[in-house]
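Me: Hello! I am new to this structure and would like a close look at a single part of it, followed by a walk through the surroundings. Could you take me there step by step?

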Amino acid sequence: MGTTGEQLGVMKLSDALRRAQGLGLDLVEIAPTANPPVCKIIDFGKFRYDISKHTKDKKPASSRLKEIKFRVNIDEHDYLTKIRHGEEFLDRGNKVRVQLQFRGREMAHQEFGMQLVQKVRDDLSGMSQVEMDPKITGRNITMTLAPLPANRRKRKFSAESKTPEEIEKASAPAGT
C-alpha cells in the first residue's frame, strides 16, 4: 500500500524497500500472517505515535476515589461489611477515602476514632498503602488509601462462598 492509501499490488521485497527509501519513509509489515504478507509505506515514528495515542484513549480513568464512611460506635458486622467494600474498591484499582464522623459528645473521645481508623488501616494493609495519613478536620477524621500493585494484594475479608456442607450445618437445628 502506498503513502496515499492506494494499492501497489504484489511486489518483491527489494522493490518495496527501494520504493520506501526513495520516498524517505519506512516499509512496515501490517499483516505478517497473510499470504503474501501485507506491508505499508509509512513514517514508522508517526505510526508508533498513532498506535500509542489510540491505546491511551482506550484506557479507563487511572483511578477513581471511593469513600467509606464510619462512625465511632460502629457494630462489628457493619464494620466488616464496609471493610469488604473497601477491599473490593481497592481490588478494582480505586483509591479509598476512609472518613470517620463524630457527632455530639463523641468529639470528647477522639482517641476512639483514631483507634478505629488505625484498625481500618491495619485491616486493609494487605490491599493498600496509606497515601494520606489520618487527619482530624473539624468533626471528621480522614485518611486516603491507594491500592497496592495487583501482584502484592492479599484479601483478608472477601466474602467466601460456603460449601453445601457448611450451609447444611448452619441451618441444622441445635442439639442434633
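Does Phe70 count as buried or exposed, and at what relative accessibility?

Reply: Happy to help! Please keep in mind that this is a predicted model. Phe70 counts as buried, because its relative accessibility is 2% and the limit for that label is under 20%.

Phe70 also has an aromatic partner, Tyr79. A pair of aromatic rings is described by the distance of the centres and the angle of the planes. Here the ring centres of Phe70 and Tyr79 lie 5.9 Å apart and the planes meet at 45°, so the pair is called tilted. That label covers angles that are neither under 30 degrees, which would be stacked, nor over 60, which would be edge-to-face. Tyr79 has a relative accessibility of 1%, so Tyr79 counts as buried too. Searching the whole structure turns up two aromatic pairs.

Now let us step back to see the setting. The protein has 176 residues, and 23% of them count as buried. Its secondary structure is made up of five helices and six strands. Starting at the N terminus, you meet these elements in the order α-β-β-α-β-α-β-α-β-β-α. If you take the contacts with a separation of 6 or more, 57% of them are between residues 24 or more positions apart.

Next, some open space. Rolling a probe the size of a water molecule over the atoms shows where empty space is left. In this model the largest pocket has a volume of about 390 Å³. Its lining consists of 15 residues, with Gly9, Val10, Pro37, Val38 and Cys39 nearest the centre. Two elements give two or more residues to that lining: helix H1 (13-23) and strand S2 (38-42). S2 supplies the largest share, four residues. By type, the lining residues are 12 nonpolar, two polar and one charged.

Just before S2 in the chain there is a detail worth finding. Pro36 sits in the loop between strand S1 (26-31) and S2, and the peptide bond that joins Asn35 to Pro36 is cis, with omega at about -5°. A little further along, helix H2 (residues 44-58) contains Gly45, which counts as partly exposed because its relative accessibility is 45%. Gly45 and Leu25 are 20 residues apart along the chain, and 9.8 Å separates their C-alpha atoms.

Later in the chain, look for Arg153 in the loop between strand S6 (140-147) and helix H5 (164-171). Its side chain reaches two backbone oxygens: that of Asp91 at 2.8 Å and that of Leu90 at 3.4 Å. Setting aside residues up to four places away in sequence, Arg153 touches Leu90, Asp91, Gly93, Gly126, Met127, Pro147 and Leu148.

Leu148 brings us to one last stop, since Gln129 is in contact with Leu148 as well as Thr144, Leu145 and Ala146, leaving aside neighbours within four places in sequence. You will find Gln129 in strand S5 (residues 128-137). From C-alpha to C-alpha, Gln129 and Leu145 are 5.6 Å apart in space, while 16 residues apart in sequence. With a relative accessibility of 43%, Gln129 counts as partly exposed, whereas Phe70, where we began, counts as buried.

Notes:
Residues numbered from 1 in each chain as written. Predicted model: local features only at pLDDT ≥ 70, side-chain atom pairs only at ≥ 80, totals over all residues. Heavy atoms only, no water. 1 Å grid on protein atoms, 1.4 Å probe; cavity = no way out; pocket = protein on both sides within 12 Å on 5 of 7 lines; lining within 4 Å. Points joined across faces, edges and corners; volume = space filled by probe spheres on them. Nonpolar A, V, L, I, M, F, W, Y, C, P; charged D, E, K, R; others polar. Polar contact = N/O pair within 3.5 Å; in protein donor to acceptor, adjacent residues only side chain to side chain. Contact = heavy atoms within 4.5 Å. Phe/Tyr/Trp six-rings, centres within 6.5 Å; stacked < 30°, edge-to-face > 60°. Buried < 20%, exposed > 50% of the residue type's maximum accessible area, 1.4 Å probe, protein only.
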